[in-house]
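This report describes a structure that is shown below, and moves from one residue to the contacts between chains, the nucleic acid surfaces and a few backbone details.

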Protein chains: 2
Amino acid sequence: MENGVRSVRRRAVTLHDVARRAGVAVSTASRALSDPQRVNVTTREHVQAIARELGYRPNRLAQALPTGRTGMLAVLVPDITNPHNFGLVRGAEAQARAAGSALVIADTQGARELEGAHLDRLASSVDGFVLASSRLPDDELRTLAERSPVVLFNRRVEGVASLVTDSVDGSRQIIEHLVALGHRSLAYLAGPSAAWSDVERWRALSEHADAAGARIVRCGPFAPTLDGGPAAADVGMSTGATALIAFNDLLAIGVLRRLGERGIAVPAQVSVVGYDDIFGSDFCSPPLTTVAGPVDEAGRTLVDVLLAGRDPVPAITLPTHLRVRGSTGPVLSPGSGA
Amino acid sequence: MENGVRSVRRRAVTLHDVARRAGVAVSTASRALSDPQRVNVTTREHVQAIARELGYRPNRLAQALPTGRTGMLAVLVPDITNPHNFGLVRGAEAQARAAGSALVIADTQGARELEGAHLDRLASSVDGFVLASSRLPDDELRTLAERSPVVLFNRRVEGVASLVTDSVDGSRQIIEHLVALGHRSLAYLAGPSAAWSDVERWRALSEHADAAGARIVRCGPFAPTLDGGPAAADVGMSTGATALIAFNDLLAIGVLRRLGERGIAVPAQVSVVGYDDIFGSDFCSPPLTTVAGPVDEAGRTLVDVLLAGRDPVPAITLPTHLRVRGSTGPVLSPGSGA
DNA sequence: CAAAAACTGGCAATCGTTTGCCATACTAGG
DNA sequence: CCTAGTATGGCAAACGATTGCCAGTTTTTG
């Protein structure tokens with residue numbers, strides 16, 4: 001009856017409180033709540049009723065100590081600002097929530113040291129890591145994976161679980177598309193050289209371009225942000241290429257803006273392609289042709305892999321497809337235009 | 001010398017290991033690391049050296065249990081997808097990191113129950129909550145604030161720390177701007193009615209419109225997303241208004257797209273305004289006139305407030321300003337156009 | 001009807017750290 | 001030289017759960 005106090009006290013209701021009130025031992029109370037069949041139905045229901053009445057909420061920290069399961073998953077991204085990562089985070093969040101876990105987000109700023117610091121900092125607090133576009137060297141990742149569950153996104157390392165969106169095939173589709181439109185001289189506007197996907201994309205692009213008989217040059221690296229656009233656009237144009245392939249959409253949109261400022265018509269004078277199909281790439285002007293991957297699904301799957309454990313270490317590849325929009329068009333011979 | 005094992009074992013180095021190796025009690029080891037002046041300089045340095053040598057990392061969970069400080073902050077947003085929240089998260093992350101804390105992100109989907117569930121779930125795992133656009137009733141928020149540190153973003157509740165971007169003043173600026181352009185008939189495309197800022201914005205808009213002698217009608221509510229755009233645009237146009245004010249930029253951009261599809265020229269036939277100045281509002285077409293606030297700063301300040309404690313409960317207002325872009329223009333009399 | 005099996009509930013150790021308190025040793029003051 | 005005061009380090013009790021093991025009490029089985 002000392003119920004009406006609605007007290008100012010901060011102390012939360014613990015299992016001890018429940019046990020005392022129910023007249024049983026803590027161990028029994030614990031089992032009544034988490035291991036139902038281990039305790040007599042009447043006792044169990046009594047304890048559960050008391051717990052409900054008292055508004056008992058288990059202290060997750062205290063639970064985590066003996067069990068080793070914290071119910072937290074960490075997601076490390078190189079740049080929270082990049083809308084690309086938000087699809088990932090959204091998918092991961094959804095799946096984590098469904099599994100009763102919460103998500104810790106950290107921004108590594110694409111810096112190896114910061115990534116390591118976060119890893120150290122969080123190691124004891126989370127059940128596993130999703131590492132998006134990790135910049136850590138292969139062996140460090142392998143070592144890490146030995147001591148805690150890790151799954152890589154858009155990075156492949158032998159022996160470590162990973163999921164990539166198939167940007168190799170995406171690159172093929174880009175080349176195919178551009179060549180079909182008559183482009184023979186292309187420029188790749190590179191992202192950070194520490195990024196695995198930059199290497200992958202460039203490799204695939206150049207191979208397929210070769211195979212298709214097109215010329216492609218690599219410019220950069222540029223900052224993979226809107227702000228990287230101007231520099232990339234100018235360098236790209238100076239190569240004389242008729243199509244610019246940007247490391248990602250952020251850069252591509254930045255390029256588009258710069259071209260607009262300079263009065264260069266897209267796609268009449270130059271075509272532009274990106275990767276990721278981020279928020280905004282469908283309503284920038286012109287809308288961007290880009291390689292889309294199922295990011296939400298990626299987020300969900302990554303969390304799944306993390307929670308499922310990984311005996312045959314999975315190396316998943318999610319398909320991509322080229323979303324053709326207004327930023328690419330047929331190459332115009334110099335005299336054919338206006 | 002059994003160092004070279006580089007073992008497969010997962011067990012992390014604990015304080016016990018350090019203490020044993022250093023030949024001191026755990027308590028001494030603990031103090032040597034966290035309360036330096038409590039222990040003799042030689043002992044202290046010896047312990048620290050051992051700790052370093054063994055690569056000791058304190059288990060944050062175990063630390064959190066007795067101290068009550070977890071070093072985690074939770075940020076609850078109604079929609080991770082909304083780029084508006086990116087800025088907030090980015091700012092919060094930066095400040096949290098600077099303070100040695102990590103960030104837990106949860107998506108409430110604008111649903112009261114889910115928000116409550118997350119709150120319950122995380123209460124014991126975090127040092128405090130940043131609640132963005134909370135949908136919880138005032139008294140629940142007050143109760144919550146009594147038992148754990150809470151700071152509200154874009155919501156004001158007596159007795160609870162809060163920070164809002166001044167959308168009241170932003171609304172004034174919108175009206176002033178539109179009226180100056182000759183608009184006298186306006187429509188507000190409302191967001192979720194459970195959203196505090198929707199109420200605020202509408203109140204300020206209608207007051208200022210009245211004062212300026214303009215007519216304004218309220219339509220909706222609409223989903224505050226790109227997908228809400230078509231419905232909002234169509235209803236808005238049916239009112240005969242010459243300017244549409246959307247609850248947020250997401251909705252506004254959706255509206256812009258719909259108007260484009262319907263062949264309605266912006267701003268020639270109708271002007272469009274949004275709130276938030278999200279990523280993309282500067283490169284959609286036409287670029288969106290919108291009320292911008294310092295979101296990054298907001299994120300940082302929110303975390304500051306949370307960590308600082310709050311004796312005179314702070315109620316901060318951050319200034320906003322209207323960023324005029326291409327989506328608003330002078331009202332054209334029917335005959336004056338083409 | 002006795003013995004074995006199955007149920008229930010409790011004791012106590014454990015997870016890794018922090019921290020109040022006590023004991024010892026050493027320093028300084030009178 | 002004795003006493004009061006101050007470093008220094010250790011013991012052990014938290015923090016709030018989980019869980020292995022054991023002891024009673026059923027129930028089942030032959």
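Leaving aside its neighbours within four places in sequence, with which residues is B:V75 in contact? The model is a predicted one, in which local features need pLDDT of at least 70 and side-chain atom pairs count only at pLDDT 80 or more, while totals for chains, interfaces and linings use all residues. Residues are numbered from 1 along each chain as its sequence is written, and chains are lettered from A and ligands numbered from 1 in the order in which they are written.

**A residue of strand β1 in chain B**

Beyond the four places on either side of it in sequence, B:V75 is in contact with B:V89, B:A92, B:L103, B:I105, B:V130 and B:A132, where contact requires that the C-beta atoms of two residues, placed from the backbone, lie within 7 Å. B:V75 belongs to strand β1 (residues 72-77) of chain B; helices (H or I, at least four residues) and strands (E, at least two) are DSSP runs, numbered from the N terminus. With 27 other C-beta atoms within 10 Å, B:V75 is buried, a term that requires 20 or more such atoms, whereas 12 or fewer make a residue exposed and values in between partly exposed, with C-beta atoms placed from the backbone. Between the C-alpha atoms of B:V75 and B:I278, which are 203 residues apart along the chain, the separation is 19 Å.

**The two copies and their contact**

Chain B is superposed on chain A by a rotation of 180° with 0.1 Å of shift along its axis, at an RMSD of 0.2 Å, the fit being by least squares on the C-alpha atoms of residues with pLDDT of at least 70 in both copies. The two copies are therefore related as by a two-fold rotation axis. The same surface serves both copies, since 100% of the contact residues of chain B recur in chain A.

In this interface, 38 residues of chain B are in contact with 38 residues of chain A. The elements of chain B that give two or more residues to the side touching chain A are α4, α5 (83-98), β2 (102-107), α6 (112-122), α7 (138-147) and α11 (249-261), and the largest share, 6 residues, comes from β2(B). Strand β2 (residues 102-107) of chain A is joined to β2(B) by 3 bridges, and these strands run antiparallel; two strands count as paired if DSSP finds at least two bridges between them. Within this pairing, A:L103 has B:I105 as its bridge partner.

Of the residues of chain B, B:V104 comes closest to the rotation axis, with its C-alpha atom at 2.1 Å. Apart from neighbours within four places in sequence, B:V104 is in contact with A:A102, A:L103 and A:V104, as well as B:M72, B:L73, B:A74, B:L122 and B:V126. B:V104 is also among the residues with the most contacts inside the largest nonpolar core, which has 167 residues, the others being A:V104, A:L189, B:V130 and B:L189. Such a core is a set of buried Ala, Val, Leu, Ile, Met, Phe, Trp, Tyr and Cys residues joined through C-beta atoms within 7 Å.

**Surfaces near the DNA strands**

A residue is near a strand if its C-beta atom, placed from the backbone, lies within 6 Å of it. Of the 23 residues around DNA strand D, A:T14, A:S27, A:S30, A:A62 and B:S27 come nearest, and α2 (26-34) and α4 (60-67) of both chain A and chain B give two or more residues each to that surface. Around DNA strand C there are 25 residues, of which A:S27, A:L65, B:L15, B:S27 and B:A62 are the closest; here at least two residues each come from α2 and α4 of chain A and from α1 (15-22), α2 and α4 of chain B.

The table divides three surfaces by class, counting Ala, Val, Leu, Ile, Met, Phe, Trp, Tyr, Cys and Pro as nonpolar, Asp, Glu, Lys and Arg as charged, and the others, Gly among them, as polar.

| Surface | Nonpolar | Polar | Charged |
|---|---|---|---|
| Side of chain B that touches chain A | 20 residues | 7 residues | 11 residues |
| Near DNA strand D | 11 residues | 11 residues | 1 residue |
| Near DNA strand C | 12 residues | 12 residues | 1 residue |

**Backbone details**

A cis peptide bond, with omega about 5°, joins B:V266 and B:P267, and B:P267 lies in the loop between α11 and β9 (271-275) of chain B. The peptide bond from B:S285 to B:P286 is likewise cis, with omega near -5°.

A:D277, although not a glycine, has a positive phi of about 55°; A:D277 is placed in the loop between β9 (271-275) and β10 (289-292) of chain A.
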